[in-house]
2 protein chains.
Amino acid sequence: MSLLTVGTVAFDDVQTPFGRAEKIVGGAATYIALSASYYTDDIKIVSVVGDDFPKETLSMMENRGIDLEGLQIKEGEKSFFWAGKYHDNMNERDTLDTQLNVLADFDPVLPKSYQQADYLMLGNLTPSIQKQVIEQMAKRPKLVGMDTMNFWMDTAMESLVDVLKLVDVLLINDEEARQLSGEYSLVKAAALIHKMGPKIIVVKKGEHGALLFQGDQVFFAPALPLAEVFDPTGAGDTFAGGFMGYMASTDDLSFENMKRAVIYGSAMASFCVEKFGIERITELSEDEITERIVRFVQLVNFDAKLKV
Amino acid sequence: MSLLTVGTVAFDDVQTPFGRAEKIVGGAATYIALSASYYTDDIKIVSVVGDDFPKETLSMMENRGIDLEGLQIKEGEKSFFWAGKYHDNMNERDTLDTQLNVLADFDPVLPKSYQQADYLMLGNLTPSIQKQVIEQMAKRPKLVGMDTMNFWMDTAMESLVDVLKLVDVLLINDEEARQLSGEYSLVKAAALIHKMGPKIIVVKKGEHGALLFQGDQVFFAPALPLAEVFDPTGAGDTFAGGFMGYMASTDDLSFENMKRAVIYGSAMASFCVEKFGIERITELSEDEITERIVRFVQLVNFDAKLKV
């Protein structure tokens, strides 16, 4: 099945305790599409870049089966740029610089061939733009996933609430779930967010794994305990890409299959943090991914030996 | 198999966002022994209380198969007392008062019948007292578990390192593991602590579950996502009691069995936080425990469908 994703395609300047990577390729849609490309070869991107964005990266994405017809390239303009610095614990980061550039007046236009996409992933972006994408779809996708962040809750809550009504799966982190719902308990937070629209809520907890909620059902996927987290940038988007890519490739909306999608998303995220930027998720082999999934199975597998 | 535990038997004054419980029964050994009593009926306590400690609680413990021969009752003296207040997020707490009382000059004396115990759990206490208990054993127990806290790392690191050499399983929380090892990554922290003595390290992460490390093997047990955490006091000790009680009752030191012990410990801890103090873990039925274990199985169970 086809997967359409909207989000930034951009440059990042990342500082971690391990070093600095200046002006490397980043962006939510970049991570989402690359991660999903390991599961499905029918991926479409809606986004915008300036003419400073490297042609080699675009070719590499196309070679991985990513359709860039909906990627606008603005001549004479600059791509979106974000600079950030991680704290020693790697769980917190400070934004040092944000330059909207081409994103300032981004008007997403879906090519005809995009409007029939079966799966839609709305990467973190202005809620009104996320909504514009949904409205341009010729038919309702089978599954609409969405990411967002605290910034939009602070500055555009009304339009965020508006888009949420149209979304099936909300993928956010624990702090965002707490802020959006006003509840500290993630169980209560998920129940409240459910009432705002999404019937499925995935709460990403970074090194503490992820929780999947649907109605009364809950599933917990651990994060792989890693000796080194090199660069967490894009891990959440890589998770979302693995999740939606797996859903699109299997086309099975059952809770059992969604559990697998969360594990596959977690596995992809565990690769992402091993190197700076997108580097690691452009070079994976099928064997590496399978091996990683096996580690997830072993990590949580136990025989309860009930009623022996 | 018999399980001997040393630790405080005491009074707590607990304030949570849900209310306050003044002068309720608490103490590491109390929680450990009560939790373990659901798995084995051969439990012995070494501790000390004043004559202010309620006789009904002691009777209740004896009725649950807990041997109190090693519990010293000091006439005219007062029991150890701790007062604390939890923050709204329930993950942090402030100590408001600590009165050592009988604990100030506690000299543990192991009755003859205790010295052959097969399993030993050293609850959080002055490291030198923990060591005295080990030294009074007539034979080396099959498994020695130990808990400790930041306070001893700050004030008695040398004697803490001394006891660690004699211990098989260290059960501590994530912040303590980081402080003890000087490593932020729990994988690296476990490897370093392993070199200090314990071949098995259980890192308790509260609402984020627990990690079990032995050599290259790692197992992750989730915490049950709860809508309400009423009072977290004693959850770590209840975890340790379930873990060691299960190990003593099954007498199987394999990694597979230890994984189960971590799940059983997690299940007991998930009950503990539902009410103030020890209340919840004095009233459990076998069916309730089984039902809870089933929820843990369901929480992490998935079929990876590899190589379909």
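Here are three short exercises on strands, helices and a chain contact, each with a worked solution.

The model is predicted, so local features need pLDDT of at least 70, side-chain atom pairs count only at pLDDT 80 or more, and totals for chains, interfaces and linings use all residues. Residues are numbered from 1 along each chain as its sequence is written, and chains are lettered from A in the order in which they are written.

**Exercise 1. Work out how the open sheet of chain A is ordered and which strands stand at its edges.**

Step 1. Helices (H or I, at least four residues) and strands (E, at least two) are DSSP runs, numbered from the N terminus. Two strands pair if DSSP finds at least two bridges between them.

Step 2. The open sheet has 9 strands in the order β5-β4-β1-β8-β9-β10-β11-β12-β13 (chain A), and its pairing is mixed.

Step 3. β5 (66–74) and β13 of chain A each have a single partner strand, so they stand at the edges with one side lacking a neighbour in the sheet.

Step 4. Check one pair inside the order: β11 (residues 200–204) and β12 (residues 210–214) of chain A are antiparallel over 5 bridges. Here Val202(A) stands opposite Leu212(A).

**Exercise 2. Find how α8 and α9 of chain B pack, and describe their contact.**

Step 1. Axes are lines fitted to C-alpha atoms, for helices over the stretch in contact, and angles run from 0 to 180 degrees between N-to-C directions. For α8(B) (residues 235–250) and α9(B) (residues 255–272), the angle is about 140 degrees and the axes are 7 Å apart.

Step 2. Angles under 35 degrees count as roughly parallel, over 145 as roughly antiparallel, 65 to 115 as roughly perpendicular and the rest as oblique. The two helices are therefore oblique to each other.

Step 3. Residues are in contact if their C-beta atoms, placed from the backbone, lie within 7 Å. Among those making this contact are Phe239(B) and Phe243(B) of α8(B), with Tyr264(B) and Met268(B) of α9(B).

**Exercise 3. Describe the side of chain A that touches chain B.**

Step 1. Start with the totals: the contact takes 30 residues from chain A and 30 residues from chain B.

Step 2. In chain A, α7 (186–195), β13 (217–221), α9 (255–272) and α10 (286–300) each supply at least two residues. The largest share, 5 residues, comes from α10(A).

Step 3. Sort by class, with Ala, Val, Leu, Ile, Met, Phe, Trp, Tyr, Cys and Pro as nonpolar, Asp, Glu, Lys and Arg as charged, and the others, Gly among them, as polar. This side has 19 nonpolar, 4 polar and 7 charged residues.

Note on methods: Two residues are in contact if their C-beta atoms, placed from the backbone, lie within 7 Å.
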